[in-house]
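Please look over the fold shown below before reading on. The paragraphs that follow move from the whole chain to its sheets.

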Amino acid sequence: MTTSTRDRWQRWAILILVLWAAFALRLYRLDYQDIWWDEARNIDVATRPLAEIATAPELDIHPPLYFYALHAWTRVAGASAFATRFLSLWFGMLTVALVFQLGRKIVPGQGRDAGMLALILAAFAAYGLAEAQETRMYTMAWALLAAGMLALWRALDALHAWQRWLLFAALAAAALLTHYSAAFILAAWGGWLLVWALKGPDRGPRLVRLAGTGVVVMLLFAPITPIALRQIPGYKNPNLVLPTLGGYLSQLYRAFTLGEFVPEPVWRIGAWVWGGLMVGGALLAVIRNQLSVFSRAKKNPQRWPLPLGRWTLLATWLFGGLVIFYLVLVFRSAFNPRYISFILPALWALGGWSLLGWRRLARPLPWLALAGILALTLPSLRADLFDPAHFREDMTGVINYLQAHATPEDIILVDQRYPFGFYWERWNNDFYGFPPAEPADQAPAQYLFVDIDRIDERLTALAGSAQRVFYVTWYESDMDPRGAVPALLDAYGQRVDEQVFRGYTVRVWQMQPPTRFQLPRDFISLTRVWEPGVILAAGDWFGREQPLPVGKPILVALRWQVEHPTERAYKVSVRLKDASGATLAQDDRLLLSNRHLRTPAWAPGEEAMNVYLLSSPPGPGDYLLTVVLYDEATLEPAVTSGDWLAEVEIGVVNVGN
């Protein structure tokens, strides 16, 4: 066996060994953690009839291609956590293999080691592991974009080979049909391609190919255009605090390099080590490679490489994607690192190419640098697999508690549609339905949709005959941010238990059935106007007309209105005072609309009811009810128009014997 043959076999052996290690890492504990909200929603939608998937209302901001793939996969493999996550694992492995090709082909003929370095970076990246173990569409989109880039490189090498351009267009459209955020990457690629077309000697044919490719992408996307127009224009989160550019980059840098779970002491060192190795290696790689690229461009000016070579397209993918996403984020608030994780194949490929640059100084340096990076990544990998503090929600713990304590005479109310039904048989997921009758030996459970104007009627229908109410809430829930449900349960029942699980809280109330829940609804006009243009229009409360029994909490309902959106978000403090002016009870809550938005996002003239709960005073008598409106951030109270009062009296609470 010749030396070259032996080297080739060794390289193949290392490649296969790394791929098997990456596969084993992603397969390990694949179904160890519970199914959580996103996964349950995805499985639920994907297992519906194929014709219903694209128009499913649960797909608030997702195109359907991933769900079609998951639908087909579950028909073969089933819908268990292991089976559905395995599809993400498979696409994650495909991404790792494609990253090897990207790294290998950055500089044709010189990238074998760059490909191997990129492969290992991708194989053991903490963020790649996390997404490969969840039933979501991100690894599928990564793989399609990586394949699309390889197809684009082949197309650029043969301008007139229209089949290559069609393949690139198909992969680009597939990525966009998997996740709309792929558009940020495609836009960055489009900018690079426009420069390529305009700078080339055969500008006309290049522009024609580019335009034709864009038309094909649009035609392939066209069937879901009506769905996209329904989903995208109104999708934003007005309550999101827009991160600064520095905060945005810092959060992504940590997540995509050493991992979100890297310990702080390791990160303080590792951030500089990772960045220094990559930037230094990239500079060395540019010096080494550009002489070769310039030489090739001079010999054959008709071929595609610009003076800066293929790596500039990957750099455009990486940095252009980051810039475009942030610009969109400024106008359309919806931020999470996974939404721009589509830059990762470029990051890993460029990372391998950058590390290879250190070979200019000494041959072993790229591999020593890679070993250092992997050592710094290990804490995040370990935390993702073994540290419960970083696991997804503990639905198993919730179910075990409910099985041990809830009886068929009780009712379980859950503030989220997913994933409770994957673990509890006697469950109803409909907005306005009721739990099934079977199995009769299990407590009935119901998804509780909160319409604050009718929540008392809904609670009466569901829990009016229950001995106890178990209320399960998710830590990220936005179903009842005004707290109407616990306020009503506290007003009509006695809280007897509260259990906190990872990601969930279970609160239990002992009731005295039959229970008729009722919010105060006999509103009286109050018309108190604060300087920001916030109006307290009307209100009602327990003890206003009829004496309130001693020991019963005071439920207060206030109707608020804004003249115009405010510059600041406000909180409301409702207070109970005795004759001397001493505060006996107080409830402070954000002022939110029926859309759960803070006042800067309210429409002019918008009105909403908010509820407050005050503990009962110690004895009978008349007590004063007051309201303070204050800035959420600075705590500075607002003042009323005209009389400049910070605290406003709105009425009296009569507590009888």
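Residues 24 or more positions apart account for 72% of the contacts in the protein with a separation of 6 or more, a contact being a pair of heavy atoms within 4.5 Å. This is a predicted model, in which local features need pLDDT of at least 70 and side-chain atom pairs count only at pLDDT 80 or more, while totals for chains, interfaces and linings use all residues. Residues are numbered from 1 along each chain as its sequence is written, and side-chain values use heavy atoms, with hydrogens and water left out.

The protein has 20 helices and 14 strands, where helices (H or I, at least four residues) and strands (E, at least two) are DSSP runs numbered from the N terminus. Along the principal axes, the C-alpha atoms fill a box of roughly 100 × 60 × 50 Å. Of the 657 residues, 55% count as buried, that is, under 20% relative accessible area with a 1.4 Å probe and protein chains only.

One open sheet is made of 4 strands in the order S7-S8-S9-S12, with antiparallel pairing; two strands are taken to pair if DSSP finds at least two bridges between them. Strand S7 (524-529) and strand S12 (607-614) stand at the edges, each with a single partner strand, so one side of each is left without a neighbour in the sheet. From one strand to the next the twist averages 25°, with axes fitted as lines to C-alpha atoms, for helices over the stretch in contact, and angles running from 0 to 180 degrees between N-to-C directions.

Within this sheet, S7 and S8 run antiparallel and are joined by 4 bridges, and Val 529 stands opposite Ile 535 in S8. The two strands form a hairpin with 4 residues between them, and Gly 533 in the turn has a positive phi of about 95°. Strand S8 (residues 534-541) pairs in turn with strand S9 (residues 554-562) in the antiparallel sense over 7 bridges, and the bridge partner of Trp 541 in S9 is Val 556. Helix H20 (residues 484-492) packs on the sheet, touching S9 and S12, and its direction makes about 40° with that of S12.

Another open sheet of 4 strands follows the order S11-S10-S13-S14, also with antiparallel pairing. Its edge strands are S11 (583-590) and S14 (647-655), each of which pairs on one side only, and the twist averages 20° from one strand to the next. Strand S10 (residues 570-577) and S11 pair in the antiparallel sense over 7 bridges, with Val 572 standing opposite Arg 589 in S11.

Terms used. Buried < 20%, exposed > 50% of the residue type's maximum accessible area, 1.4 Å probe, protein only.
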